[in-house]
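Biologist: I should like to learn how aromatic contacts are read from a model. Please take me through the general idea and then the case at hand.

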Amino acid sequence: MTRRFFITFAFAVFLFSPVANDLLAAERPDKKAEWEKTLKAAKGEGQVTVFGWSRDSHVQALSEFQKFYPEIKLVLISGSGSDLGPRLIAERRAEKYLVDLFIGGTTTPVEVLMPAKALDPIRPSLILPEVADESLWFGKKFHFADAQKEHVLLNDGTVETSLIAYNTKLVRPDEIQSYWDLLQPKWRGKILAYDPRKRSGAGGPIRFLYFSQKLGPKFVYRLFNEMDLTLATEGHLMTDWLATGKFPLFLFPAAGDIDKAKKQGLPVAELTHLSQEGAAMHAGAGAIGIINRPAHPNAAKIYLNWYLSREGQMAYQRITERNSLRTDIPKDRLPDAANIVPKEGISYIFSALPEYSDLQPIRKLVTEALEKSGKK
């Protein structure tokens, strides 16, 4: 015990000595110098090329970079992931390496860019200490969409409020206090739902219902087997059907559709008070990947660090009106902050995470339930 004490004491004395400080400092990279060196090189490159989602608010948020770094020209090529992903792969096959970053939904980077080995790990490019500090993010850690938890970083984690919409003239919110209430006989044949078997929609909400410990496969099967749902895929038409009273309930409306209809004075709203069984979170277009062999490697690092910085995420949150996973930025200015910002004590299914990525068993279950009920 005496020997152990002296060894521990000697180590403690060394640890706090000037010599130890010098050694530790020598092993830590000088981040300020690295940043200045990278920024100087980025200005020399003069450009950064970003593939991003085409929604106006997203384009505007990504374009804020230019205000902070006017010497680095931002070339923002916007479009759908289904267009941008194949385009990038085709360019690489032709030995054209023109792109630096992808920022959009999770499907393209995970299902297209990752298999093509077109993405680099994110962490080595995080230079600014406030960006690399995971304690500043929701859950005090980074969240990734890829199984390796290295390549597709998520900056957006917005609670979904659009699982259930209702006609305010036909339904009282207090009639539904739990998702299980949807199975009441009085709603049979009166529920409209976006078809979750289609790739383009309802992925987040159906994942929540399936993976929630208090709902799960049993609930999903009963919903699609017993309730005589009407399935469709035309979002605007379905919102019209809800507003006109053709259906009192609408499951899985597209984000923003109900809010837009409500602002037009239509008698529609979303059920936002359901939390007994947990809630769903979605990343929207808040997934970022750094392209392997980027055209402008230094400018790519500058953009990445700005985008994930406090200033970058404040701009993202303010313009898109979605919740950034950074917790050191104010949330009170977000419209509907009380409903879309995650709260302590609620179990969330974050549908962008890799453990929830496989939709095939869910779609198979839905198909079996519909076929059993006599529907296709």
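Modeller: The following turns treat aromatic pairs, burial and charges over rings. This is a predicted model, in which local features need pLDDT of at least 70, side-chain atom pairs count only at pLDDT 80 or more, and totals for chains, interfaces and linings use all residues. Residues are numbered from 1 along each chain as its sequence is written, and side-chain values use heavy atoms, with hydrogens and water left out.

Biologist: How many aromatic pairs does the structure hold?

Modeller: Rings of Phe, Tyr and Trp (its six-membered ring) pair if their centres lie within 6.5 Å; planes under 30 degrees apart are stacked, over 60 edge-to-face, and the rest tilted. The structure holds 15 such pairs. One of them, Phe65 with Tyr303, is tilted, at 4.7 Å centre to centre and 45 degrees between the planes.

Biologist: Are Phe65 and Tyr303 buried or exposed?

Modeller: Buried means under 20% relative accessible area, with a 1.4 Å probe and protein chains only. Phe65 is buried because its relative accessibility is 0%, and Tyr303 is likewise buried at 0%.

Biologist: Which residues form one aromatic cluster?

Modeller: The cluster consists of Phe65, Phe68, Tyr69, Tyr303, Trp306, Tyr307 and Tyr316.

Biologist: Where does the charged end of Arg293 sit?

Modeller: A charge sits over a ring if NZ of Lys or CZ of Arg is within 6 Å of the ring centre and within 35 degrees of the ring normal. The charged end of Arg293 is over the ring of Tyr97, 3.9 Å from its centre. Lys246 lies over the face of Trp241, 4.3 Å from the ring centre.

How values were computed:
Buried means under 20% relative accessible area, exposed over 50%, partly exposed in between (1.4 Å probe, protein chains only).
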